[in-house]
Amino acid sequence: MIYREAGQFKTSYASDQAVFPIVQDRVFVLAAVVAAFVVPPLVAGDYWLQAILIPFLIYALAAIGLNLLTGYAGQLSLGTGGFMAVGAYSAFKLTTAFPQLSIIAVFLLSGLAAAAIGLLFGIPSLRIKGFYLAVATLAAQFFLIWLFNKVAWFTNYASSGTITAPDRTVLGVTVTGPNAPAAARYVMALAFVAVFALVAKNLVRGRIGRSWMAIRDRDIAAEIIGVRPLRTKLLAFGISSFYCGVAGAELVFLYLGSAETLAFDINQSFLVLFMVIIGGLGSILGSWLGAAFIILLPIFLTRLPHSLGLTMSVALQKQIELMIFGGLILFFLIVEPHGLARLWQIGKEKLRLWPFPH
Amino acid sequence: MSHPAPAGPVLEVNGVSVRFGALIAVNQVSLSVARGQIVAIIGPNGAGKTTLLNAVSGFYHPYEGRIAFEGKDRTRLQPPDVAALGIARTFQNVALFKGMSVLDNIMTGRLLKMRGSFLLEALYWGPAKRQELEHRAFVERIIDFLEIQAIRKTPAGRLPYGLQKRVELARALAAEPKLLLLDEPMAGMNVEEKEDMCRFILDVNHEFGTTIALIEHDMGVVMDISDRVVVLDYGRKIADGPPAEVRKDQAVRDAYLGVAHE
């Protein structure tokens, strides 16, 4: 069965508005989700799970979150690292204050805490736009990190200033902390990002997503059809920060195990923003592709000389890796400034007409 | 679409002035738009037509005077509140959401008719899904009406200008407005597109009974489709009446042909 849209006729608005209107997409995505839950925990080694798949899933969640805000609602934010830190520190405080609380509830509550902070720092967006807003959100980034460094209460007065993920179980399996098997942490991260990717897709294809995009594309026209700018932008900030907060909590609890504020510095904000830009602004698929590109490519490049049988010094290899990585980012941005998701869309349009050029 | 229509004019503008610093863009203009009418606002460039429309839709607030909609004062409302009253408009330079498909653009016109329930929308389940499909069905009727079926999935930014204007009209119609404000709906169109647009405007007026106020420069169109013509010049109203009368008015001729202002 060739992958193409031609010949698939929809007979109801419901089928036309489906997330994946093309049969092959539906089959493939369903199979991929099932496979993602089953195959890696059985097959992949700890290195693959710990070093590649878990961070990929966590960053995909953060990238979806930022994409809702920047890609869909058009509000540029450099506060992602700060909002992730809010999630991580909230999760730490919640698990230590309420040891009985389910870890799933802890993640969700940490997301809500980040959402509240995100709302607060979203208020300037009513008056400031574009790059200036990015500078205003930069304030969130630096203020939050400063706060977590300065106030020892957040780390339960630990002299090292680090927060550590305690052991917590879901259905009898340890999923966080030093004793959690990588497979369990992987499934946990996957479950969260799968559910929230679907939620994000549902939001952007409905009433809320359309009001976000209306504000992004033409705020004056949006107002005249009844979109209230402040409410709409704040909703975007809140939901986006929720995603980033959950991702931040996961970063410490499922991936790093323990962390200082350094794990959430400005580089984190840039990293997630790059994922969104390279993957494609205003595309959920793009968030996945961007996260995969940024997380997987350096690892692939690191292993490349070895698999080609080349021997070189570690320092030289690191330099070359960075150069190729930077070059590839530039290449993709020049070839398709709208991101990897747009490349995919163009391919799909070509297939619709194939084998005819027009 | 049979609302129990309150008596009296739909829109009443009473002695409205809009100033930007020392510049008085609209100077004590009064006009009223009766239910079911098509009223054209004309005038030379810079006469204050768009400014007046912006004041009605809440982007500017008049320095003096009152604006009433269906008998209620609404001089100081913000644009979203104006939309909630049932006033929709299009813009002189098309203001579509360029990154969204034509269908999504028109669906935004239904935003005010949709009820929000965050959790259900996040799950796209039950009432949230039903609501989406109901509004989709309504939007499809407008798509049929304006004959834009073939482009419903096209991103609005990729359309030619004439079609963009038509999609903008569709978005305004999707809100089921009581009063439709059109700012130069035919600017930059060729003769054929203008004829199409005229027919749509008349059809909207006849079939839905929508009251329409429009700004237009093409005199042929204005004289053909409007029930009343209001003429502005240098921010003041200089004539107001049926097209045939306005055509003969000396002040209007002076304004268009040019006469030395004292």
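Colleague: How many residues of chain B are in contact with chain A in this predicted model?

Modeller: The model is a predicted one. In it, 31 residues of chain B are in contact with 25 residues of chain A.

Colleague: Which helices of chain B supply residues to the side that touches chain A?

Modeller: At least two residues each come from α2 (79-85), α3 (102-108), α4 (118-123) and α5 (127-145) of chain B. The most is given by α5(B), with five residues.

Colleague: What is the make-up of that side by residue class?

Modeller: The side of chain B that touches chain A has 19 nonpolar residues, together with seven charged and five polar ones.

Colleague: Let us turn to the sheet. How should one read the pairing of its strands, parallel or antiparallel?

Modeller: In general, the strands of a sheet pair through backbone hydrogen bonds, in either a parallel or an antiparallel sense. Here the pairing is mixed: six strands of chain B form an open sheet in the order β6-β7-β8-β3-β9-β10. Its edge strands are β6 (87-89) and β10 (236-241) of chain B, each of which pairs on one side only. On average, neighbouring strands of this sheet are turned by 15° against each other, direction ignored.

Colleague: In which sense do β6(B) and β7(B) pair?

Modeller: The sense is parallel, over three bridges between β6(B) and strand β7 (residues 179-183) of chain B. Within this part of the sheet, Arg89(B) stands opposite Leu181(B) in β7(B).

Colleague: At the other edge, how is β9(B) joined to β10(B)?

Modeller: These two strands run antiparallel and are joined by five bridges. Leu232(B), for example, stands opposite Lys237(B) in β10(B). The two strands form a hairpin with two residues between them, and Tyr234(B) in the turn has a positive phi of about 45°.

Colleague: What joins β9(B) to β3(B)?

Modeller: Four bridges join β9(B) to strand β3 (residues 38-42) of chain B, and these strands run parallel. Ala40(B) has Val229(B) in β9(B) as its bridge partner.

Colleague: Is β9(B) mostly covered or exposed, and which residues lie on each of its faces?

Modeller: To judge a residue as buried, one asks for 20 or more other C-beta atoms within 10 Å of its own. Strand β9 (residues 228-233) of chain B is mostly covered, with six of its six residues buried. Both faces are covered: one side carries Arg228(B), Val230(B) and Leu232(B), the other Val229(B), Val231(B) and Asp233(B), and all of these are buried.

Conventions. Residues numbered from 1 in each chain as written. Chains lettered and ligands numbered in written order. Predicted model: local features only at pLDDT ≥ 70, side-chain atom pairs only at ≥ 80, totals over all residues. Pairing = 2+ DSSP bridges. Axes fitted to C-alpha atoms, helices over the stretch in contact; angles between N-to-C directions. Contact = placed C-beta atoms within 7 Å. Nonpolar A, V, L, I, M, F, W, Y, C, P; charged D, E, K, R; others polar. Buried ≥ 20, exposed ≤ 12 C-beta atoms within 10 Å, placed from the backbone.
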